[in-house]
Amino acid sequence: MGKIIKDVYTEYFSGKAGMSQKPTAVECVAGAAGGGDKLTRYIISDKRSALDLFKSGPLLQAILERLDAGSTVIYALRLAGSAMAKATMSIPGATGTAFTLDGYYPGVWWNGVSISITANSGDRTIEIVDPDTDVVHAFTGTTNAGLVAAINAGQSLVKATIGAGGLVAAKAAAPLSGGNDGLTLANGDYTAGITASEDFTDVNWVHFVGADTLTLWAAILTSCNTMVTSNLGERFAFLDVPRMVVADPLKPTAAEVSTYLATIQALIATVADQNAVIPVGEAQYTDMAGTVYWNRITSTVAGRYAALKVQESLLAKSAPSVSKLCPEWNVGQQTVLVTENLIHMRNEPGLGLIFGSSNNRCPEGSAYNRVEKVRATYAAGKACRLAALPHLGKPNDSEGEGLLLMETDMRQPLSLMAQKGEIDHYDLQLTSTDEMRALGEVEARISINSMKAFEIILEKVYLD
């Protein structure tokens with residue numbers, strides 16, 4: 001492993017920092033959906049799992065768009081309003097309710113689950129039909145308790161609860177009813193999700209789908225800042241702007257586009273935060289069932305970032321899965337968007353649909369004026385914290401050998417990031433005075449240089 005010789009520098013690794021580096025593109029996406037438990041973290045990395053779990057709604061759309069664009073690790077949180085309810089059915093017995101069936105999760109989708117019961121001389125057969133696949137789950141038993149146990153153990157469409165109404169009677173096929181997705185969210189629903197997301201310290205950025213007011217933006221950015229300043233995690237946020245309202249998405253009028261841009265400018269006028277990343281515009285998508293729809297480009301932007309190296313710019317990258325844009329910004333409008341530090345998409349002849357900016361909404365004069373700088377800085381901070389973590393609570397020594405071990409372990413991931421082109425270069429200094437050593441304290445100062453990305457805008461060039 002190596003040997004420390006006092007006052008002589010040597011490449012020494014304690015072995016505690018040999019862990020693989022955590023992913024730098026872990027996203028937390030929260031929004032309304034048709035399935036899943038409320039405020040429960042689900043780790044999603046494929047479309048089938050997302051569809052089977054969330055069924056429908058803005059959260060599902062956001063996840064699918066991200067996966068198409070390059071996302072690999074998504075922490076998904078279902079948010080729901082007060083109208084959220086489980087579909088249910090009361091199954092009668094000889095003298096009352098034999099048992100009740102509730103949808104496995106709250107939501108409209110479970111209203112389509114069909115139930116029928118056949119009564120034979122000595123037993124009952126209950127059939128539960130999946131509305132998506134028409135798969136029939138059949139259970140036969142001679143007692144309600146036996147049926148309930150078999151139902152709960154044999155499928156994941158409904159949950160059964162036994163009643164006291166005697167043996168279940170025959171019943172013609174009928175669907176559960178009363179399920180509601182709770183898609184209409186209030187501020188409190190969003191803030192509950194924001195609070196829940198703070199438990200996920202390995203998340204790199206967050207997106208609360210449909211949170212498009214200054215009040216909610218402030219809550220999201222405050223949470224990001226708290227995570228960073230409290231050394232709980234490094235993160236920034238993709239913020240949704242209000243949806244564009246046009247009579248015909250394929251042919252928006254000049255007045256509609258102008259009004260939309262003015263509305264966005266007024267909304268963002270007071271937002272100046274290094275963690276604020278605001279994509280603007282809408283695009284046409286096709287879902288897994290072949291249905292065409294329009295949506296904000298936020299998830300596509302986030303998914304594309306997830307596929308890029310930490311310090312790689314989004315500028316001029318292609319936009320997968322997008323077939324059309326609304327609006328098609330003209331040159332003057334694109335100038336406004338770049339000036340306002342707003343990420344957008346444009347149609348470039350010969351290249352197709354590409355991203356036209358890679359900025360964030362940082363304060364004027366801030367060094368954090370691009371998303372890739374924020375990503376590189378936060379990724380370096382996270383890597384150093386992970387490398388330093390094994391040294392916490394270890395015995396202190398007056399010779400400073402422990403300090404040298406800690407510094408060397410912290411340099412290891414930074415050097416690796418530099419080799420991979422994720423940062424340009426860095427400086428790390430660890431300080432522990434006699435007083436600090438007595439308290440078991442070390443101060444680490446990390447300087448990260450991330451300057452690879454440049455953006456050049458040319459309006460017109462005439463060659464004589």
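**Helix α2, a three-stranded sheet and a buried lysine**

Mentor: In this predicted model, helix α2 (residues 58-69) lies across β14 and β15, at about 90 degrees to β15. Helices (H or I, at least four residues) and strands (E, at least two) are DSSP runs, numbered from the N terminus. The angle is taken between N-to-C directions, on a scale from 0 to 180 degrees, of lines fitted to C-alpha atoms, for helices over the stretch in contact (heavy atoms within 4.5 Å).

Trainee: How do you know that β14 pairs with β16?

Mentor: Two strands pair if DSSP finds at least two bridges between them. Two bridges join β14 (residues 282-286) to β16, so the criterion is met. In one of the pairs, A283 is partnered with L325 of β16.

Trainee: Why is the sheet called open, and which strands stand at its edges?

Mentor: The antiparallel order is β15-β14-β16. Strands β15 (292-296) and β16 (325-326) each have a single partner strand, so one side of each lacks a neighbour in the sheet.

Trainee: What makes K373 in helix α9 (residues 371-388) a residue without a salt bridge?

Mentor: A salt bridge needs a side-chain nitrogen of Lys or Arg within 4 Å of a carboxyl oxygen of Asp or Glu. The nearest oppositely charged side chain, E372, is 8.1 Å away, and K373 is nevertheless buried (under 20% relative accessible area; exposed is over 50%, partly exposed in between; 1.4 Å probe, protein chains only).

Trainee: Which side chain makes a polar contact with K373?

Mentor: That of N369, at 3.1 Å; the limit for such a pair of N or O atoms, one able to donate a hydrogen and the other to accept it, is 3.5 Å.

Notes
Residues numbered from 1 in each chain as written. Predicted model: local features only at pLDDT ≥ 70, side-chain atom pairs only at ≥ 80, totals over all residues. Heavy atoms only, no water. Lys, Arg positive; Asp, Glu negative; His and termini not counted.
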